[in-house]
Amino acid sequence: MKSKNQSHWILKEIAEESAPRTTINQWSQIEARLVSSPGENRLKMIARLYTSAYILVTAVLILLAAIVLAVPQARASIKEVIQRMGMELVQPNPDSEGAVASVEPIRITPPPSMTLEEIQKQFPYKLLVPTWLPGDLSLFHADVIQSTSDENTPGSPCVRLSYRPTGAPLDDPRHISFKVSLGEECGGPFLLPATKEQAVEVNGQPGSFVQGGWRSDGKGDPETTYAHLQWDDSLGDAYLAWEQEGLNYFIAAFELGLTREEMIRIAKSIREPW
Amino acid sequence: MDETKAVAQLKTGDITGLRTLVERYQVEAVQAACLITGDRAEAEDIVQTAFLRTFEKIARFDEARPFRPWFLRMVVNDAIKATTRQRRQISLEDGEDADYWAVLKRLDMTTREPEDFVQRKELLEEMQGALDRLSPAQRAAVVLHYFLDLSTAEAANQLNCAPGTLRWHLSVARERLRALLTAFK
C-alpha cells in the first residue's frame, strides 16, 4: 500500500517532469485574465483591487502627513522650505493649532448577513433555530445557500447560522455552526472518524455525536498540511447531526469544549424564532 | 499569511487573499491537472479558471471547512471534463478496468524508488504509458489518492457522494477507489 501521508514518488516524478514546480507562476496570468475579462464579477474584482489599493495609499499618505505635521522640527523645516519658495503658511483657524488629521483604520468586515425573516422567505420549510446556547454566544452571521453537488442542476436551500462569543474578534476560533438542509449537507459532509461516532437520541430521532478534532502532527510539508492531520479526543470541538421532520440538522461547535449533553440541549432547544 | 485570514480577506473582496491562495496551491493544482489531462497548457488554464471561480464563489464557501479539498475538487472535476471532451474529439475509448487495476497494483507495490537509474526510468515510462491508457475518471481517482494524498475519506468528499446526515467514510483504499470510480462514471 502507499505509505501514509505521502504522494507516491512515481506520480511526483511524472508530475514534476511534465510541470516543474519552478516554472509554475499562476498569479501573473491570473492578474492578466482579470484585466482582460469582461465578466461582471471580474470587473467588480478589478474595481475592488483598485479601490483597496487607493484606500491603502490614501491612508498611508494621510498617516505620513499627520506624523510630519505632528513633529515640530519637521513642521519648521517644511515651513522654511515653503518660505524660501516665496510663500507663507497662515493659520485660518487658530483653534485647530496642533490638530492631527484622523486616520480611519482599515478593518476586515464580515460577509453580509441576512435576518431570520429574510432566511425564512428563501427557505420553503419551517425554520427552527436554537433558543438555548451556552455562555455568551450570540448570532453572528446567517445566510441561505443553494446546496448542490453539480453546478448544472438546481440545488436545495441550505440555512447556515453562525454563533460567536459576543464582541469577540473575527479571528477568534470559538464558534458554533448550525446548518439545516434538505438532502445533501451544505457543501458536503464533515470528515470525522467512524470509530468516534456515538449514537444519540435527539428530539426522539436517532443522531450522531462526535467529540474531538483534527490536529496537525507538524511533520508534513506546509503545503500539504491537511494530509497530516491526526484525530485528538482532547480538542474542544464537538459535532452533532440528526434528522427531524425530513430535514437534516447539523451542529459543529469549535474550541468551546461543549459536552454531549450541552450539544443535545442546543438541539432540543430549536424552535421557530418568532 | 494564514489560510483562514486569506479566505476572510477574499470574502471582503481583498485580492491579496486570492494571491496568497494562488501561491499556496498553484503547484499541486497544476501538477494534478496535468496528470489528468496530460497537457500542461490545458492544466494551467484549468487552474487559472478555478482560481477565478474561487473569487466568484468564495461567498458560498464555509470557512469552517478546509479550503484545499474544496478548491482541488473544482480543479479535478474540470480536468476530468476537459479530458473527456478532448478524448471524444479524437475518438479514443475509455481505459479498461484491467489497466486501472494494473496501475493501482503497480503503485501499491513500488513504494520505494529503485536505486538503479535504468530500472527507475523504465518504471516511470511504464507508469506514464499505463496512465495514458486510463479513462479521465480513473486517472482522477488515482491522482486524488496517490498524488494529492487525500485520505480515502477526503477523496470521497471531493465527489459529494454522501447524502443525508453525517456519513462515515472509512474503508480500505481499493474499495474507496472503486466507489470513486463509480461516482465519476
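These questions and answers test a few structural terms against a predicted model.

User: How are residues and chains labelled, and what limits apply?
Analyst: Residues count from 1 along each chain as its sequence is written, and chains are lettered from A and ligands numbered from 1 in the order in which they are written. The model is predicted, so local features need pLDDT of at least 70 and side-chain atom pairs count only at pLDDT 80 or more, while totals for chains, interfaces and linings use all residues.

User: What makes β8(A) largely enclosed?
Analyst: Buried means 20 or more other C-beta atoms, placed from the backbone, within 10 Å of a residue's own. In β8(A), residues 238-244, 5 of the 7 residues are buried, so the rest of the structure largely encloses the strand. A strand here is a DSSP run of E, at least two residues long.

User: Why are β5(A) and β8(A) said to pair?
Analyst: Pairing needs at least two bridges found by DSSP. β5(A), residues 205-211, and β8(A) have 5, in the antiparallel sense. Because 5 meets that cut-off, they pair. F209(A) stands opposite L240(A) there.

User: What joins β8(A) to β9(A)?
Analyst: They form a hairpin with 2 residues between them. Their antiparallel pairing runs over 7 bridges. L240(A) stands opposite I251(A). In the turn, E245(A) has a positive phi of about 50°.

User: What makes a set of residues a nonpolar core?
Analyst: Its members are buried Ala, Val, Leu, Ile, Met, Phe, Trp, Tyr or Cys, joined through C-beta atoms within 7 Å. The largest has 56 residues; A32(B) and V75(B) are among those touching the most other members. α2(B) gives the most, with 13 residues. A second, separate core of 33 residues includes A238(A) and Y249(A).

Note on methods. A residue is buried if 20 or more other C-beta atoms lie within 10 Å of its own, exposed if 12 or fewer, and partly exposed in between; C-beta atoms are placed from the backbone. Helices (H or I, at least four residues) and strands (E, at least two) are DSSP runs, numbered from the N terminus.
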